[in-house]
Amino acid sequence: MSDEMKQKRRDELVDPIEEVPGYSETESRIGIWGHPLHAMSVSFPIALTFCALGADGLYWLSGEPFWALAAIWAAGTAFLFGLLAGATGFIEMLLVSGIRMRAQVWTHFIIAVFLLSMLGANWGYRLDGWETAVLPYGILLSGFNVCLVIATGWHGGALVFSHRLGTSKGN
């Protein structure tokens with residue numbers, strides 16, 4: 001395909017939402033010294049979700065109660081930090097119209113809310129008997145949560161790296 005044909009094709013495929021006022025306003029409004037809080041706070045629930053799965057796996061392999069206790073702490077802390085990360089992302093979405101009007105943001109939001117509910121379910125399931133809860137359902141929930149974290153992170157990363165949403169663009 002020639003460059004002229006490619007340009008003509010691009011001209012035909014114009015996204016009407018790009019014409020809406022505020023579409024290009026995507027800078028973070030919830031941050032500290034230009035660093036977006038949502039992007040900083042998602043690292044903790046991501047890491048802790050993987051830690052819960054790792055602790056479940058080590059409990060399964062060793063039978064040591066320490067790993068079941070570590071898994072309940074990781075699952076609970078992932079949920080609590082996830083609430084914090086979700087709150088900062090939700091506020092960001094409400095405050096910045098250029099973020100809110102994109103369909104990909106809503107996909108990320110829906111998957112993230114589902115992830116939060118599953119993180120809470122994983123933690124809540126373990127509260128009644130942390131050692132007996134690991135096998136089989138605790139480890140299955142942790143594995144499912146890792147899959148959800150990957151999907152949510154993929155969508156969130158695409159929003160940041162491809163569309164530059166929620167970042168500080170500088171001058």
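## Aromatic pairs in a predicted helical chain

Tryptophan 106 has a relative accessible area of 36%, so this residue is partly exposed. The model is predicted. Its chain holds seven helices and two strands. The structure contains seven aromatic pairs, and two of them are described below.

**Pair within helix H6**

- Tryptophan 106 pairs with phenylalanine 109 in an edge-to-face arrangement.
- The ring centres of tryptophan 106 and phenylalanine 109 are 5.7 Å apart, with 80° between the planes. An angle over 60 degrees counts as edge-to-face.
- Both residues sit in helix H6. Three residues separate them along the sequence, about one turn of the helix.
- Phenylalanine 109 is partly exposed, at 26% relative accessible area.
- Phe90 joins Trp106 and Phe109 in one aromatic cluster.

**Pair between helices H4 and H6**

- Phenylalanine 79 and tryptophan 123 also form an aromatic pair, with ring centres 5.9 Å apart.
- Their planes meet at 40°, so the pair is tilted.
- This pair links distant parts of the chain. Phenylalanine 79 belongs to helix H4 (residues 65-95), and tryptophan 123 to helix H6 (residues 103-126). The two are 44 residues apart.
- Phenylalanine 79 has a relative accessible area of 18%, so it is buried. The cut-off for buried is under 20%.
- Tryptophan 123 has 25% relative accessibility, so it counts as partly exposed.

**Fold and dimensions**

- In sequence order, the elements run α-β-β-α-α-α-α-α-α.
- The radius of gyration of the chain is 20 Å. For a compact globule of 171 residues, the value would be near 16 Å.
- The C-alpha trace spans about 65 × 40 × 25 Å along its principal axes.

**Contacts and burial**

- Take the contacts in the chain with a separation of 6 or more: 75% of them join residues 24 or more positions apart.
- Of the 171 residues in the chain, 35% are buried.

**Surface and charge**

- The chain has an accessible surface of about 10,500 Å². Carbon and sulfur atoms account for 68% of that area.
- The chain carries 10 positive and 14 negative charges. The mean positions of the two sets lie 7 Å apart.

How values were computed:
Residues are numbered from 1 along each chain as its sequence is written. This is a predicted model: local features need pLDDT of at least 70, side-chain atom pairs count only at pLDDT 80 or more; totals for chains, interfaces and linings use all residues. Side-chain values use heavy atoms; hydrogens and water are left out. Helices (H or I, at least four residues) and strands (E, at least two) are DSSP runs, numbered from the N terminus. The radius of gyration is taken over C-alpha atoms; the globule rule is 2.2 Å times the number of residues to the power 0.38. Buried means under 20% relative accessible area, exposed over 50%, partly exposed in between (1.4 Å probe, protein chains only). Contact means heavy atoms within 4.5 Å. Accessible areas come from the Shrake-Rupley method with a 1.4 Å probe; for residues, only the protein chains shown count as cover. Lys and Arg count as positive and Asp and Glu as negative; His and the chain ends are not counted. The place of a charge is taken as NZ of Lys, CZ of Arg, CG of Asp or CD of Glu. Rings of Phe, Tyr and Trp (its six-membered ring) pair if their centres lie within 6.5 Å; planes under 30 degrees apart count as stacked, over 60 as edge-to-face and the rest as tilted.
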